[in-house]
Amino acid sequence: YSSLSLKRVWILNDIFVAEDARRMLVADRLLQTAKQMAKDSNAVRMRAATSVSNEAAQKTYESIGFREDTRFKNYTLELGD
């Protein structure tokens, strides 16, 4: 939930497509479906993360309409199990 806009934000974590299903537009369909579901839930935005070296995922996100966030730098704190 976004405390600034007071609306839902969809956060997509751990998206993975099995290697034998890659290049079959599975990720595209998954993201398009999630995008429609987010719209249907009146979400204000979607967020997704991938490693800096995963150019294939970055291109897929950008083809769906995601844009790299240049306004905020994100940090994480690992807390263990």
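This passage looks at how two helices pack in a predicted model, at the core they share in, and at two loop residues with unusual backbone angles.

A good place to start is the pair of helices. Two packed helices are described by the angle between their axes and the distance between the axes. Here, helix 1 spans residues 26-40 and helix 2 spans residues 55-64. Their axes lie 10 Å apart and form an angle of about 40°. That angle makes helix 1 oblique to helix 2, and the crossing of the two is right-handed. On the helix 1 side, the residues that meet helix 2 are Ala27, Asp28, Leu31, Gln32 and Lys35. Their counterparts in helix 2 are Thr60, Tyr61, Ser63 and Ile64. Sorted by class, this contact brings together 4 nonpolar, 3 polar and 2 charged residues.

Two residues of helix 2 help to show the contact in detail. Ile64, which sits in helix 2, is buried, with a relative accessible area of 8%. Apart from its neighbours within four places in sequence, Ile64 touches Asp28, Leu31, Gln32 and Lys35. Gln32 is 32 residues away from Ile64 in sequence, yet their C-alpha atoms are 7.1 Å apart in space. Thr60 also belongs to helix 2. With a relative accessible area of 19%, Thr60 counts as buried, because the cut-off for that class is under 20%. Once neighbours within four places in sequence are set aside, the contacts of Thr60 are Ala27, Asp28 and Leu31.

The view can now widen to the nonpolar interior. The largest nonpolar core consists of 9 residues, namely Leu12, Leu31, Ala34, Ala38, Met46, Ala57, Tyr61, Ile64 and Phe66. Helix 1 and helix 2 are the elements that give two or more residues to this core. Phe66, one of the core residues, is in contact with Leu12, Leu31, Met46, Arg47, Ala48 and Tyr61, leaving aside its neighbours within four places in sequence.

Finally, the loop between strand 1 (9-12) and helix 1 deserves a look. Most residues other than glycine have a negative phi. Arg23, however, has a positive phi of about 65° although it is not a glycine. Arg23 lies in this loop and is exposed, at 86% relative accessibility. Leu25 is found in the loop between strand 1 and helix 1 as well, and its phi is likewise positive, near 65°, in a residue other than glycine.

Key. Residues are numbered from 1 along each chain as its sequence is written. This is a predicted model: local features need pLDDT of at least 70, side-chain atom pairs count only at pLDDT 80 or more; totals for chains, interfaces and linings use all residues. Side-chain values use heavy atoms; hydrogens and water are left out. Axes are lines fitted to C-alpha atoms, for helices over the stretch in contact, and angles run from 0 to 180 degrees between N-to-C directions. Helices (H or I, at least four residues) and strands (E, at least two) are DSSP runs, numbered from the N terminus. Angles under 35 degrees count as roughly parallel, over 145 as roughly antiparallel, 65 to 115 as roughly perpendicular and the rest as oblique. A crossing is left-handed if the near helix is turned anticlockwise from the far one by less than a right angle, and right-handed if clockwise. Contact means heavy atoms within 4.5 Å. Ala, Val, Leu, Ile, Met, Phe, Trp, Tyr, Cys and Pro count as nonpolar, Asp, Glu, Lys and Arg as charged, and the others, Gly among them, as polar. A nonpolar core is a set of buried Ala, Val, Leu, Ile, Met, Phe, Trp, Tyr and Cys residues joined through side-chain atoms within 4.5 Å. Buried means under 20% relative accessible area, exposed over 50%, partly exposed in between (1.4 Å probe, protein chains only).
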